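Please examine the sequence and the three-dimensional structure shown below. The paragraphs that follow lead from strands and sheets to charged pairs and a pocket.

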Amino acid sequence: MALVTLVMLQLFAVAAGAHLLASDALVEKEARPVASPEPVAVPVVTAGPVLAAGGNGPLPAKTTLAERLTRALGDPALGERVGAAVVDAESGETLFDGDGDRGITPASTTKIVTGIAALASLGPDARLSTRVVRGSSPASIILVGGGDPTLTAGKIDPSVYPRPASLASLASRTAEALKAGGVTKVTVAYDDGLYTGRRTAASWKPGYLPEGQAAPVTALMVDEGRAAPGSRQRVSDPSRAAHAAFVSLLAKHGVKAANRTAKRARAGAGAEEIARVESAPVHALVERALTLSDNDLSEALARHVAIKEGEPASFDGGAAAVHKVLARLGAAEGIRVYDGSGLSPKNRIAAAALARLLALAVSPANPRLHPIVSGMPVAGFTGTLGHRFGESDSAYGLVRAKTGTLDGVSTLAGLTTTKGGRLVAFAFLADEVPPGWGKAEAALDRLAATVAASAAD
């Protein structure tokens, strides 16, 4: 039954992605995506037996589940502060609560909150635009950042999902438009004013940037502010680096820049647009953020939620906007965040609140939130769970979950089907983990496996 349910869950995730890819609603409605070809329409296969009221398996035995989880939670590798919760996805009923209302530092499981807020606020089909507009004269242009950290200056690998927007394509289109007007030499400025405030959170540790955990958060960057595609090293000013890359690509297409020095400018509200490229849709960006535990993309999504919700596009504004969206969903209680990625040690999320939020996200009543399911790593197969859970483990291939790790913090939250075929959400959070985080990971994996192995009376 569990294997059948898994197959149906995978079909549901594929169907949800196919349905969302078929849409073409944009952040800016007046233009269609130009960064990648239109997706091919795929027949939608529904997943009624997995999520519909009449197709779920029996609830696991609460007493047995509680006994086994309580025993596993006593593992000294988890430390003294642990929050745990298991929630039935269909009814929202709490199946297990182990100090589930205690606020725990969530680390990267914060990305679940950010992703759900982005899907609910922006919509799964919205895209992030990077544009070139006319400056104060026909021979001046401004590169306008639209907050897309996945924009790449390198060659696009067609096997990469989701396909990023290309700075080279933007330069090519810009050059074509300029040369059509007889312009082959321009001054190039840049506008990264979409975001406000600090580029790093006040609560972030100073080592995050030098270690390559994240780049300074700006509205204009290429390759997530990396010194080179695939490198962990980050540049100190992603906006200036993006400007330099664009000027270089523009020259390759026959338009020279009159200035090599990067100059910041503000594009006028009615400035003539010369060219644009657009990101993958938000549903695919959320999937990427979860599967790869992408800090830069998660911070960008939080800022776009802030913009949509009328808050400043800053760390504080993003946090306020995410809370506002969660409140509309009826899921804000027990969740307090200070960034979008989970790098902040000030974030506090209760395990029960996170498990309830996940149950809400997979409900048939909330199809816009379903990419959360397809984005989370699969035990033993993908993302940050690809190296965890052996083939003999009861959770192998059945658990979809987001991991989280900071100094002294180890967390795991996601979904699984029980041995009886019941879809449940769980969250296990520990933030006083003793040295040797690998042991804490193994303890969390055993908790998830215990849930997956649970059966009815």
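Which residue in strand 6 is the bridge partner of Ile 141? The partner is Val 188. Before going further, note that this is a predicted model, in which local features need pLDDT of at least 70 and side-chain atom pairs count only at pLDDT 80 or more, while totals for chains, interfaces and linings use all residues. Residues are numbered from 1 along each chain as its sequence is written, and side-chain values use heavy atoms, with hydrogens and water left out.

Strand 5 (residues 140-144) and strand 6 (residues 185-191) run parallel and are joined by five bridges. Strands (E, at least two residues) and helices (H or I, at least four residues) are DSSP runs numbered from the N terminus, and two strands pair if DSSP finds at least two bridges between them. Strand 6 is mostly covered, since five of its seven residues are buried. Here buried means under 20% relative accessible area, exposed means over 50%, and partly exposed lies in between (1.4 Å probe, protein chains only).

Consider next an open sheet of five strands. The strand order is 2-1-14-13-12, and the pairing is antiparallel. At the edges are strand 2 (94-98) and strand 12 (399-406), each of which pairs on one side only. From one strand to the next, the twist averages 5°. Strand 12 is joined to strand 13 (residues 409-417) by eight bridges in the antiparallel sense; within this pair, Arg 400 has Leu 415 in strand 13 as its bridge partner. In a regular strand, side chains alternate between the two faces of the sheet.

Two helices lie across this sheet. Helix 3 (residues 62-73) crosses strand 1 (82-88), strand 2 and strand 14 (423-430), and runs at about 25° to strand 2. Helix 10 (residues 351-361) lies across strand 1, strand 2, strand 13 and strand 14, and runs at about 150° to strand 14. Such angles run from 0 to 180 degrees between N-to-C directions, with axes taken as lines fitted to C-alpha atoms, for helices over the stretch in contact.

Another open sheet has three strands, in the order 3-11-10 with antiparallel pairing. Strand 3 (103-104) and strand 10 (335-336) stand at its edges with a single partner strand each, so one side of each is left without a neighbour in the sheet. Strand 3 and strand 11 (residues 348-350) run antiparallel and are joined by two bridges, and Gly 103 stands opposite Ala 350 in strand 11. Helix 10 packs on this sheet too, touching strand 10 and strand 11, and its direction makes about 70° with that of strand 11.

Where does Gly 386 lie? Gly 386 is in the loop between helix 11 (371-375) and strand 12. Gly 386 counts as partly exposed because its relative accessibility is 32%. Apart from its neighbours within four places in sequence, Gly 386 is in contact (heavy atoms within 4.5 Å) with Val 378, Gly 380 and Phe 381.

The whole structure contains 25 salt bridges. A salt bridge is a side-chain nitrogen of Lys or Arg within 4 Å of a carboxyl oxygen of Asp or Glu. One of them joins Arg 199 to Asp 192, with the closest N and O atoms 3.0 Å apart. Arg 199 is partly exposed because its relative accessible area is 25%, whereas Asp 192 is buried because its value is 8%. Another joins Glu 224 to Arg 226, the closest N and O atoms being 3.3 Å apart. Glu 224 is buried, with a relative accessible area of 3%, and Arg 226 is partly exposed at 23%. Arg 288 and Asp 294 also meet in a salt bridge, at 3.0 Å from N to O, and both residues are buried. Arg 131, Glu 273, Arg 276 and Glu 278 are linked in a network of salt bridges.

Finally, strand 12 appears again at the largest pocket, where it gives the largest share of the lining, four residues.
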